[in-house]
Amino acid sequence: MKSVIWCAVLLGLSGIVGSASAEQSRGRGGPPSFDTLLSAFDSNDDEALSSDEVPPPVWRRLSNADANEDGSVTRDEFEAARKTRGGK
């Protein structure tokens with residue numbers, strides 16, 4: 001089950017920080033919510049995601065949302081990145 005979630009997350013993250021427009025990605029199911037990412041990867045239950053919790057391909061995309069460059073992405077950073085990229 002985690003491999004299915006991982007694949008969906010990786011494909012969806014391309015809609016957050018990739019070159020596809022938000023509207024196009026929503027047509028394919030859209031990027032995962034932060035809650036989906038947390039339930040899949042937040043192993044220490046700190047409500048943030050870091051490079052040691054997510055697979056490297058996911059972190060390469062997700063780390064673009066790490067606004068304060070502290071090595072983890074919070075809900076606020078994730079949502080701000082999504083808005084910057086034209087998502088809702």
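In this predicted model, D35 comes out as partly exposed, with a relative accessible area of 47%. That value falls between the 20% and 50% limits, so D35 counts as neither buried nor exposed. The residue belongs to helix 3, which covers residues 34-41.

What does D35 pair with? Its side chain meets that of R75 in a salt bridge, at 2.7 Å from N to O. The contact joins distant parts of the chain, as R75 sits in helix 5 (residues 75-84), 40 residues apart from D35. R75 is itself partly exposed, at 33% relative accessibility.

R75 also has a second partner. Its side chain forms a salt bridge with the side chain of E47, here at 3.8 Å from N to O. That still makes the cut, because a salt bridge calls for the nitrogen to be within 4 Å of the carboxyl oxygen. E47 is found in the loop between helix 3 and strand 1 (48-50), so its pairing with R75 in helix 5 ties together parts that are 28 residues apart in sequence. Like the others, E47 gets the label partly exposed, here with a relative accessible area of 48%.

As for the wider picture, a search of the whole structure turns up two salt bridges. Put together, D35, E47 and R75 make up a network of salt bridges, with R75 pairing with D35 and with E47. As a rule, side chains of opposite charge can pair when their charged atoms come close.

Technical notes
Residues are numbered from 1 along each chain as its sequence is written. This is a predicted model: local features need pLDDT of at least 70, side-chain atom pairs count only at pLDDT 80 or more; totals for chains, interfaces and linings use all residues. Side-chain values use heavy atoms; hydrogens and water are left out. Helices (H or I, at least four residues) and strands (E, at least two) are DSSP runs, numbered from the N terminus. Buried means under 20% relative accessible area, exposed over 50%, partly exposed in between (1.4 Å probe, protein chains only).
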